[in-house]
Amino acid sequence: MKLTGRPRRAAFGWTMAAGLAVMAVMFAVSLVFGAKDVPLRDVWLALFSGETNEQILVIREIRLPRELAAMVVGAALAAAGAIMQGMTRNPLADPGLLGITAGANLALAVGFAFFPALGYFGMTVAGWIGAALGMLLVLGLGASRRDGWSPLRLVLAGAAVTFFLYALAEAIGIAFKVMKDVSMWTAGGIMGTTWRQLAVVVPVVAAGLTVAFLYARQLTVLSLSEEVAAGLGQRTVLVKAALSAVVILLAGVSVALVGSMAFIGLMVPHIARALVGTDYRRVLPMAAVAGASLLLLADTLARTISKPYETPTAAIIAVLGIPFFLIIARRGGQRS
Amino acid sequence: MIPKALLRKQRLWLFGLLGLIAATAVISMGLGYASLSFDRLIPTFLGQGTFKEEFVLFSIRMPRIAITLLAGMALALSGAILQGVSRNELADPGIIGINAGAGVAVTLYYLFFPIDAGLFLYLVPAIAFAGALAAAILIYLAAFRRGSGLHPLRLVLIGAGSSIALNGLMIVLISAAEPQKADFISKWRAGSVWGADWPFILALLPWLIVLVPFVLYRAHRLNVLELGESEAIGIGVPITRERAALLLAAVALAAAAVSMTGSIAFVGLMAPHIAKRLVGPRHQLSLPISVLVGGWLLLVADTIGRNVAEPEGIAAGTMAALIGAPYFLYLLIRR
C-alpha cells in the first residue's frame, strides 16, 4: 500500500488539477456564450474590475449568478449521488431517481398551496423536509429483509415513488391553482438565479460538502460492506444518518434552486471513480469538480442550442445521461 | 379443460363489468364543468333537450367517455400481453417506455410537418406506432441477453430509465417551439385526453377492431409463452414468431391509445392483475375481463380528474398514476 500510495497521490494531484482547469475553462466559456455572445475582455472586466457598461452589467447581474448556481448545484448533486452510491452500494443511486427531487417538488407544491407566505428561505426548508420524506419512503420500500438494498428494487421503488409524488404535486398544483408558481420555481431551471438566492445556497452547499469530506473515510469503508465497517469499529448507524442528512441537505437545496435534475448524481460519480479510483476521499472532490463542469456545459448548451429560446437544462442532462444509465443498468443487473 | 363453474363465473363478471361501465358512464355524463343535470339526461337523449344540453352531452361528454373507454381497453390489453410475454408482473406500456417512444414520434411529427387538419388525425396513431416500435426494439435489445432471455426486473428498469430520457428528449424538442405547440405537448405528456371528439374515435377504432380479436384469438398462445421458453418449445409453439406478433400487437395497441389521450401509465399494469384476481390466470378467460376493467379504470380516473379541479381538471394520466403507483409499489414489495 505504502509503495504504491505515493505515485497514486501525485497522479491524483494532477487529475484534480486538470479537473479544476477544465472547470475554470467551462466557467469562462459559459460566461462568454449565450443568447448574446460577449467578448472575453468584457467577461474579464466584469469579474476583476469596477468598470461598467451594458454588457458587463448583463454578465454581473444575470450570467454570473446563474453560472455560479450551475457550479454549486452540479457539485452538490454529484457529491450527493456519490454518497448515495457508496452508502447503498448501488451503482444506480441518484437523487433524481430515488424520490428525493420528487419529494422536494411535492413539498414546494404543498408550500405554495397551503403556506403561500413562506418566502424563499421557508420554501427551501420545505424542500428539505420533502426531500427527506421522499428519500425515506424509497429507502424503506426498496429495502427487502433478505439482501438489503438491492440495486434494481431500489431504483424501481424510486421510479414508482417519483411517478406518484409528481402526480400528487401536479394534482395539488391544479386543484389549488398554484401550478404556475410551482413550475415557475422548478421548470425555470437555473434561469433567473439571483445573488440573494446564492447567499442562501452557497453556504449550505459548502457546509454539506465539508461534512461529506470529513466522513469520506468512513464512506469508503462503508462502500465495501456493512460488516467490514462494523468490524472495523465504525458506528454505522451514526455514519449513515450523518451521510443521509448531507445528501438531503445537498439535494434539497439544489431542487429549491433549480428544480428537478436527474442523472447528474448518477453519471458523475462513475466518471470520478474511473479517474481516481474507489477511495471516497478522492472520489468526492473529483465528483464535485466534474459535476460543476458538467452542469456548466449543459447550461451553456441549454442557452445556445436554440437561441434565443432556452432548452431546460434538466432535459439536456437527461439526454446525455441515458447511454450512461443503460450501460450501468446492464452491468448492475448482472448481480441480482 | 376449463371447469364449467369458472366459465360461468367469468360470464357473470363480464356482464357485471359491462353494467358497471354503463353505470359509470351515466354518472360521468351528468358530471362536469358545464351543467347538465341527471334528470335532463333522458330527455336530452330523446331529442328534447335544449341546444346547450345536446351540445354538452353529444359533443363533449359522450365522445370523451368513449375515447377514455377505448383507450383504457387498449392499454389494458397491451399491459396484459407485455406481462405475459415478458413473464413480468410489473410490465406496463407506460412504465417500460413505449408511451414515451410514441410521444417522441408524435412530438416530432407535430413540430416539423405541416399539419393538414383532416389527415393529421388519422396519421397520428400510425406515427405514434412507429415511434413506440422503435423505442420497444431499443429497450428489448438492451434488456435481452443471450442465454438468460428477458430478465424481468432489468426490462422494467431499462424501460423506466428510457422513459425518463425520452421524456427529456421531448422537452428538448419542444423548448424551441412556439408556446402553443409546446403547451400541447406538455399536456400530452400529462395524459390529458386531448382527442375528445368523434373523429378521434374514428381514428382509434380501426386499430382496436383489428387488434383486440387478434389478441383474444391468440390468448392460449399467451398461456404457453407465460410458462417459459423451454416449455413453449416443448409443446411445439414457434416462440420467436408468436412472441414477436404479440409484442407488435401490444405496442400498436398502446401507441394508438396514447396517441389520442396522451401518455397514460399504470392502467395496463392494474387491469390484468385485477382480471386475474377475478377469474384466474387463463388468458382466454382473463383477457376480456382485463379489457373491460381497463376501460372502466380509465373512465373512473378521467371522471374524477375532470371534476375535482375546475375548469381545466386534473389530467387522466395524473389520476391513473395516483391510483396506480401505490399498486406498483405494493406488487414490488410483495415479490
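**Figure 1. Helix α13 of chain B, seen along its length in a predicted model.** Helix α13 of chain B runs over residues 283–308, and because a helix is expected to rise 1.5 Å a residue, its 26 residues should span 38 Å. The C-alpha atoms at the two ends of this helix are 36 Å apart in the model, which agrees with that expectation. Of the 26 residues of α13(B), 22 are buried, so this helix is largely enclosed by the rest of the structure.

**Figure 2. Helix α4 of chain B and its buried residues.** The 15 residues of α4(B) reach 22 Å from the first C-alpha to the last, a value close to the 21 Å expected at 1.5 Å a residue. The buried residues of this helix are Ile98(B), Asn99(B), Ala100(B), Gly101(B), Ala102(B), Gly103(B), Val104(B), Ala105(B), Val106(B) and Thr107(B). One of these, Ala100(B), can be related to Tyr140(B), which has its place in helix α5 (residues 117–143) of chain B. Tyr140(B) and Ala100(B) are 40 residues apart in sequence, and their C-alpha atoms are 15 Å apart in space. Tyr140(B) counts as partly exposed because it has 18 C-beta neighbours inside 10 Å, whereas a buried residue would need 20 or more.

**Figure 3. Two loop residues of chain B with a positive phi, Arg87(B) and Phe266(B).** Most residues other than glycine have a negative phi. Arg87(B), which is not a glycine, nevertheless has a positive phi near 50°, and its place is in the loop between α3 (51–85) and α4 (98–112) of chain B. Phe266(B) is likewise not a glycine and takes a positive phi of about 80°, and this residue is found in the loop between α11 and α12 (267–279) of chain B. Are these residues buried or partly exposed? Arg87(B) counts as partly exposed because it has 16 C-beta neighbours inside 10 Å, while Phe266(B) is buried, with 31 other C-beta atoms within 10 Å.

**Figure 4. The crossing of helices α9 and α11 in chain B.** The axes of helix α9 (residues 219–227) and helix α11 (residues 239–261) of chain B come within 11 Å, and they cross at roughly 115°. The crossing in which α9(B) passes α11(B) is left-handed. On the side of α9(B), the residues that take part are Arg221(B), Leu222(B) and Leu225(B), and they meet Ile239(B), Glu242(B), Arg243(B) and Leu246(B) of α11(B). Sorted by class, this contact is made of four nonpolar and three charged residues, with no polar ones.

**Figure 5. The contact between chain A and chain B.** Chain B brings 33 residues to this contact and chain A brings 34 residues. On the side of chain B that touches chain A, α6 (152–175) and α14 (316–334) each supply at least two residues. Of the elements of chain B, α6(B) gives the most to this side, with 15 residues. By class, the side of chain B that touches chain A holds 25 nonpolar, six polar and two charged residues.

**Figure 6. The largest nonpolar core and the surroundings of Ile83(A).** The largest nonpolar core has 235 residues, and those that touch the most other members are Ala79(A), Ile83(A), Leu156(A), Ala160(A), Ala287(A), Ala128(B) and Ala254(B). Helix α3 (residues 54–88) of chain A gives the most to this core, with 18 residues. If its neighbours within four places in sequence are left aside, Ile83(A) is in contact with Ala212(A), Leu219(A), Leu243(A), Val246(A) and Val247(A).

**Figure 7. Helix α12 of chain A and the residue just after it.** Because 1.5 Å a residue is expected, the 13 residues of helix α12 (residues 264–276) of chain A should span 18 Å, and the end C-alpha atoms are indeed 18 Å apart. The buried residues of α12(A) include Ile264(A), Leu266(A), Met267(A), Val268(A), Arg273(A) and Val276(A). Just after this helix, Gly277(A) takes a positive phi of about 90°.

**Figure 8. Ala17(A) within chain A.** The secondary structure of chain A comes to 14 helices and two strands, and 53% of its 336 residues count as buried. Ala17(A) is found in helix α1 (residues 2–32) of this chain, and it counts as exposed because it has 10 C-beta neighbours inside 10 Å. The C-alpha atoms of Ala17(A) and Lys177(A), which are 160 residues apart along the chain, are separated by 49 Å.

Technical notes:
Residues are numbered from 1 along each chain as its sequence is written. Chains are lettered from A and ligands numbered from 1 in the order in which they are written. This is a predicted model: local features need pLDDT of at least 70, side-chain atom pairs count only at pLDDT 80 or more; totals for chains, interfaces and linings use all residues. Helices (H or I, at least four residues) and strands (E, at least two) are DSSP runs, numbered from the N terminus. The expected span of a helix is 1.5 Å times one less than its number of residues. A residue is buried if 20 or more other C-beta atoms lie within 10 Å of its own, exposed if 12 or fewer, and partly exposed in between; C-beta atoms are placed from the backbone. A nonpolar core is a set of buried Ala, Val, Leu, Ile, Met, Phe, Trp, Tyr and Cys residues joined through C-beta atoms within 7 Å. Two residues are in contact if their C-beta atoms, placed from the backbone, lie within 7 Å. Axes are lines fitted to C-alpha atoms, for helices over the stretch in contact, and angles run from 0 to 180 degrees between N-to-C directions. A crossing is left-handed if the near helix is turned anticlockwise from the far one by less than a right angle, and right-handed if clockwise. Ala, Val, Leu, Ile, Met, Phe, Trp, Tyr, Cys and Pro count as nonpolar, Asp, Glu, Lys and Arg as charged, and the others, Gly among them, as polar.
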